[in-house]
Structure formats: C-alpha cells, structure tokens
2 protein chains.
Amino acid sequence: MPKIITISREFGSGGREIGKRLSEELDFAYYDQEIIKEICKQTGMNENFVNEVSERAITLVANQFGHTFYNQQQIDILVSQQKIIQELAKKGDCVIVGHGCAEILADQHPFSIFVYASMEAKVKRCRLKGPEEEKLTDKELVRKIKDVDKNRKKIHEMIAPTKWGEKENYDLCLNTTHIEIKEVIPGLAKYIQECL
Amino acid sequence: MPKIITISREFGSGGREIGKRLSEELDFAYYDQEIIKEICKQTGMNENFVNEVSERAITLVANQFGHTFYNQQQIDILVSQQKIIQELAKKGDCVIVGHGCAEILADQHPFSIFVYASMEAKVKRCRLKGPEEEKLTDKELVRKIKDVDKNRKKIHEMIAPTKWGEKENYDLCLNTTHIEIKEVIPGLAKYIQECL
C-alpha cells in the first residue's frame, strides 16, 4: 500500500513549504496545484476560478424568486476534488497538501500533519513569501489569514465529523513559529519514516 | 544557555517513556521523580504524599466554623516545585517531564512537547505498563485517566494564562496512538536537535 503523508495547515504557517521539501527529502510524489489542474481538466472550469473556489465554504445563492440554493459549481469542484485525491493516492508514495486530504484519505491511514504558527509569525511569513500580500496593511493581512482559515474550517466540517485543527485528528502537530523550515526537514522526514 | 526539552502529556499516552528515551538518545539529564524527591527534602513531607498531591488541583478545606481555605500544604508543594524546576534547568541540557515544566520555564524558551493519544490507546498502554491499573475495570481506568488529566489541566491553569493541551502552547504535539515509541526516538531526537 502506498505511503501517504497529508498536510493540513493554517494559512501562512509554511505547510506547503514543509510538504514540498518533505516530498523531495523522501522522494515521494507531491500533489497540491496538480489537484486544481486535474479538476479544471475534468470539469472544464477556469483554473483561477477553481483555485479561488476550492478553499471557500459553499455559499448559498438566491434566484430571482428569492429561493436560495447551494452553489452547484462549488459542489462539483468539491466532489471532483475528492475523486482526484483518491486516485492520486493510489498511484504511489506521496505528500498531499490541503484540499481536505487527511479526511478524504482517512481510510487509507495516511500520516497526517497539521502545521500552525502564531499570528505574528504567519504575518511575517506572508510578507516574505507572498507577492500578493505585499500590498496589504498588517490589519488587512491578519483579516485575510483569518478569512482563509475560516473557510478551510468550514470546508473541513462539511466533509468530516471532526474539527479542523484539533490535535486529536492528526498524527503530528508542528508549530513553525520558532523554526527555520529547511533546517528541520531531515529530522522530520526521519521521524515520519519511523512512523510509517 | 542550557537546552531544555519539556514534556507535558495526557495520562497513559507514553509521555514519560518518550522523555526518558529522548534524554538517553540526546545524552541530556532527565528530571521527573527527582523533582518529587527534592520537594520532600526541602519541605520534609512524605514522598507518597507529595507524589499524590503534586498532580492534584489545590482543594479548599473547611474549618470547624465553616470557613474555607486553600490547602496550605498543597500550595507549599507547588511553590517548592517551581523553584526546584528552575534550579534544575540551570544545571545543563535536560528533559523535564510534567509538573507544569513548560509553563514554569517559559522564559527559558524550552522546546515544549505535548504527548497525547486516543482513549483506547491510553487504556491499552496503562494495562501494559501499570501494575496498579491491572486491578481496575475498563470503566474505572477510563475514569482514572480522565481524573488525572482534569487535575493536570487545573494545575496548569493555576500557574499559566494558557490552556493545558492546546497545541498553540507547544512546539510539537505528538499523537502516540499508532506508534511504537522506541522506534521513533532517533527521528524525534534529530528533529528536536534541528529545532534547538
């Protein structure tokens, strides 16, 4: 059975960097943006749109008669995402970041990691890494970080009976507040190999 | 400055075993029962009593006139414990288990670990490790595990403004539900060394 590492993370905590570096260290496949690309292929939707929507909680839309409905395109994206993640996980050893991967693959018993950090550290990381975030004030950036995580939490709770970010749902919870990610990858990889 | 690793843990999760093995792997001093022994020396109290009391929340005792007071012996033990932990941490690199060590040593920036597991795994571990627990029914054992942790939580909240077991207060949260502790020590030690 393939070895699967899933990474769930707070926005700005460096979870994606950990996933990418871990996959290189362990020589595992790495899936993140590939999932979005595959959804676009299967649904014919635009990549920017899918990117935007895949991390938003499903919204209700009102029609001209005042009736509200779930947004069908969002539902299609989430359903498609689930199938794609399950297919990718069958291909071989891999690291999958985000997209509710820990919950979608629960039956395959992945090694599940949750990455988090203090708000101060997340703001600092966003400033260093994200060109988009450069234009935001600190206040706007904090709001963005909270909004993204609020949506991740909502999506998680739509597809799993557990709570997003609660340590009980993960094998390891990593606080990146005081660490230099690239320095700790060899040890982290060794620990995970011993667990898998 | 000495390197300090603190281990806080749920009862039955194997936190003490992790601490002991980590200290051997890293060649760090290990403090756990030493703290109790030192309290006995300094206060003149009995070891069994100190052992029992050091993990219980401070209780209120009523006098003959119906007035309630804090239990002074318990307060003495907690105060003594804080001093001893701070003295030990100055001596050199060490692993300290329990006794609110993460909070007492916060200013020394220890690498703080919280160890936890599913209730099923904790019951199983208690059955394997604890001679005292052999006589208890499963229901009694679950109650004991919950009671011990409830007391640890209360003590934590007396000495720190944070919540016991909340991942934000630790550098690493380790779920021992699916792991064989002795197998994962080299990787864990390597990760911590990279962080320290």
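Through which surface do the copies meet, the same one or different ones? In this one, 100% of the interface residues of chain A are also interface residues in chain B, so the copies meet through the same surface.

Quick housekeeping before I go on. This is a predicted model, where local features need pLDDT of at least 70 and side-chain atom pairs count only at pLDDT 80 or more, while totals for chains, interfaces and linings use all residues. Residues are numbered from 1 along each chain as its sequence is written, chains are lettered from A and ligands numbered from 1 in the order in which they are written, and side-chain values use heavy atoms, with hydrogens and water left out.

Okay, symmetry. Chain A superposes on chain B by a rotation of 180 degrees with 0.0 Å of shift along the axis, at an RMSD of 0.0 Å; the fit is least squares on the C-alpha atoms of residues with pLDDT of at least 70 in both. The two copies are thus related as by a two-fold rotation axis.

Now the interface. Taking contact as heavy atoms within 4.5 Å, 24 residues of chain A touch 24 residues of chain B. About 2,000 Å² is buried between the chains, with carbon and sulfur atoms giving 58%; that's accessible area (1.4 Å probe) lost on putting the two parts together, summed over both. A:K167, A:Y191 and A:E194 supply 29% of what chain A buries against chain B, more than any other three residues.

Salt bridges across the interface? The rule finds 0, the rule being a side-chain nitrogen of Lys or Arg within 4 Å of a carboxyl oxygen of Asp or Glu. On the chain A side, strand 6, strand 7 and helix 8 (181–195) each supply at least two residues, and helix 8 gives the most, with 10. Helices (H or I, at least four residues) and strands (E, at least two) are DSSP runs, numbered from the N terminus.

On to the sheet. It's open, with 10 strands and mixed pairing, in the order 2(A)-5(A)-1(A)-6(A)-7(A)-7(B)-6(B)-1(B)-5(B)-2(B); two strands pair if DSSP finds at least two bridges between them. Strand 2 (29–31) of chain A and strand 2 (29–31) of chain B stand at the edges with a single partner strand each, so one side of each is left without a neighbour in the sheet.

Looking at one of those edges, strand 2 of chain B pairs with strand 5 (residues 94–97) of chain B in the parallel sense, over 3 bridges. There, B:Y31 stands opposite B:I96 of strand 5 of chain B.
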